[in-house]
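Subject: Structure handover

Hello,

Here is the structure for you to look over. My notes follow below it.

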Amino acid sequence: FLGYGAYGDAVTSPITLSLPDGWLHVVTNACLLLHVTAAYCINSTVFVKNIFKLLWPRLYVSPSHSREKSLRWGIIALLVLMIAFTIAVIVPYFADVMNLFSAVSIFSLSIWLPALLFIETHKAEMSTTLVFINVFIVVLGISGVGLGLWAVMDDVVEQISACNIAV
């Protein structure tokens with residue numbers, strides 16, 4: 001947000017492409033790689049756990065065999081990560097699909113939907129100020145969804161225009 005505010009349309013997407021070559025670019029990309037890898041491992045834990053329970057139900061509930069459990073868990077987690085990476089590389093316009101998904105889900109699930117559910121469950125005992133604050137959060141979140149969708153669609157239209165494909 002601040003990069004776009006400071007540099008306007010000169011900022012490319014992803015914003016790391018706008019950084020000058022050098023140590024800042026390398027450190028930024030290394031931090032992003034670390035973040036994405038750690039976040040993916042955390043987010044895939046439930047999925048890996050369910051696969052582990054499906055493949056080795058007795059081993060999952062066993063109080064012993066911790067080394068064997070850890071090894072098998074690591075193998076499944078690595079395979080899931082490799083499959084996800086392969087899909088991301090092979091599927092055309094995967095980044096645009098993820099941007100679209102993020103624009104809708106991040107603002108919805110983390111901002112306006114919780115505020116709306118809070119209003120709905122506590123409206124009887126809420127003060128006018130609290131209702132106003134939560135309605136403001138809902139409007140802000142829905143605006144974020146709209147702006148995110150606008151940015152994603154703008155990128156998609158720009159990519160299609162760059163392809164010189166007649167429709």
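Which residues of helix 6 are buried? They are D96, A103, S105, S108, W112, A115 and I119. Buried means under 20% relative accessible area, exposed means over 50%, and partly exposed lies in between (1.4 Å probe, protein chains only). Helices are DSSP runs of H or I with at least four residues, numbered from the N terminus.

Before the rest, some ground rules. This is a predicted model, where local features need pLDDT of at least 70 and side-chain atom pairs count only at pLDDT 80 or more, while totals for chains, interfaces and linings use all residues. Residues are numbered from 1 along each chain as its sequence is written, and side-chain values use heavy atoms, leaving out hydrogens and water.

**Helices 6 and 7**

The buried residues of helix 6 pack against helix 7. Contact here means heavy atoms within 4.5 Å. Helix 6 has 29 residues, and its end C-alpha atoms are 40 Å apart. That agrees with the 42 Å it should span at 1.5 Å a residue. The expected span is 1.5 Å times one less than the number of residues. Helix 6 also bends by about 50 degrees at S108. The bend is the angle between axes fitted to the seven residues ending there and the seven starting there.

Helix 7 covers residues 128–163, 36 residues in total. From first C-alpha to last it reaches 53 Å, close to the expected 52 Å. Its buried residues are N134, V138, G141, G144, V145, G148 and V152. These pack against helix 6 (94–122).

**Nonpolar cores**

A nonpolar core is a set of buried Ala, Val, Leu, Ile, Met, Phe, Trp, Tyr and Cys residues joined through side-chain atoms within 4.5 Å. The largest one has six residues: W112, A115, I119, M126, V138 and V145. Helix 6 and helix 7 each supply at least two of them. Helix 6 gives the most, with three residues. A second, separate core has five residues, including F52, L59, I76 and V80.

Look at V145 in the first of these cores. Leaving aside residues up to four places away in sequence, V145 touches A103, V104, F107, S108 and W112.

**Aromatic pairs**

There are three aromatic pairs in the structure. Rings of Phe, Tyr and Trp (its six-membered ring) pair if their centres lie within 6.5 Å; planes under 30 degrees apart are stacked, over 60 edge-to-face, and the rest tilted. F52 and W73 make a tilted pair, 5.9 Å centre to centre with 45 degrees between the planes. F52 sits in helix 3 (residues 45–55) and W73 in helix 5 (residues 66–90), so the pair ties together parts 21 residues apart in sequence. F52 is buried, at 2% relative accessibility. W73 is partly exposed, at 29%. Both belong to one aromatic cluster with W56 and Y60.

**Salt bridges**

How many salt bridges does the whole structure hold? A search finds two. The cut-off is a side-chain nitrogen of Lys or Arg within 4 Å of a carboxyl oxygen of Asp or Glu. E68 bridges to R72, with the closest N and O atoms 2.6 Å apart. E68 and R72 are four residues apart in helix 5, about one helical turn. E68 is partly exposed at 31% relative accessibility, and R72 is partly exposed at 24%. E120 and K123 form a salt bridge at 3.2 Å, N to O.

Best wishes

Technical notes: Helices (H or I, at least four residues) and strands (E, at least two) are DSSP runs, numbered from the N terminus.
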